[in-house]
Amino acid sequence: MKSENREAELLKVAGGLIMIVDDDPQIHEAIRLVLPRKFEVVSVTDGGVFLDMAESYHPDLIIMDVHLRGYNGFDLCKRLRKKPDHRP
């Protein structure tokens with residue numbers, strides 16, 4: 001886990017870390033096409049692993065689908081905001 005956190009910190013220096021959370025891989029690709037290359041992008045396709053990934057990577061920006069298969073994006077955001085490290 002610590003090596004993942006270190007890797008995430010190194011990526012942030014380059015321009016920021018953006019996490020895309022969507023169960024449709026085509027959406028991930030479309031978003032990546034419009035983002036400047038200076039940003040590192042982490043893709044998450046399963047709402048069930050989203051919270052763990054967000055804790056590991058501490059993204060600067062999260063782009064999330066609200067209608068994830070089996071999950072509600074609004075509920076996932078509320079759960080993330082309850083964690084002390086992820087409050088705005």
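## A parallel sheet and helix H4

In this predicted model, three strands form an open sheet in the order E2-E1-E3, with parallel pairing, where two strands count as paired if DSSP finds at least two bridges between them. Strand E2 (40–44) and E3 stand at the edges, and each has a single partner strand, so one side of each is left without a neighbour in the sheet. On average, and with direction ignored, neighbouring strands of this sheet are turned by 20° against each other. Strand E1 (residues 17–21) is joined to E3 by four bridges, and Val-21 has Met-64 in E3 as its bridge partner.

Helices (H or I, at least four residues) and strands (E, at least two) are DSSP runs, numbered from the N terminus. Residues are numbered from 1 along each chain as its sequence is written. Local features need pLDDT of at least 70, and side-chain atom pairs count only at pLDDT 80 or more.

The table sorts residues of helix H4 by exposure, where buried means under 20% relative accessible area and exposed over 50% (1.4 Å probe, protein chains only).

| State | Residues of H4 (73–81) |
|---|---|
| Buried (under 20%) | Gly-73, Leu-76, Leu-80 |
| Exposed (over 50%) | Phe-74, Lys-78, Arg-81 |

Seen down the axis of H4, the buried residues fall within an arc of 60°, so they line one face of the helix; the arc is that of the directions from the helix axis to the C-beta atoms. What covers these buried residues includes helix H3 (47–57) and strand E3 (61–64), contact meaning heavy atoms within 4.5 Å.

Definitions and conventions. Side-chain values use heavy atoms; hydrogens and water are left out. Axes are lines fitted to C-alpha atoms, for helices over the stretch in contact, and angles run from 0 to 180 degrees between N-to-C directions.
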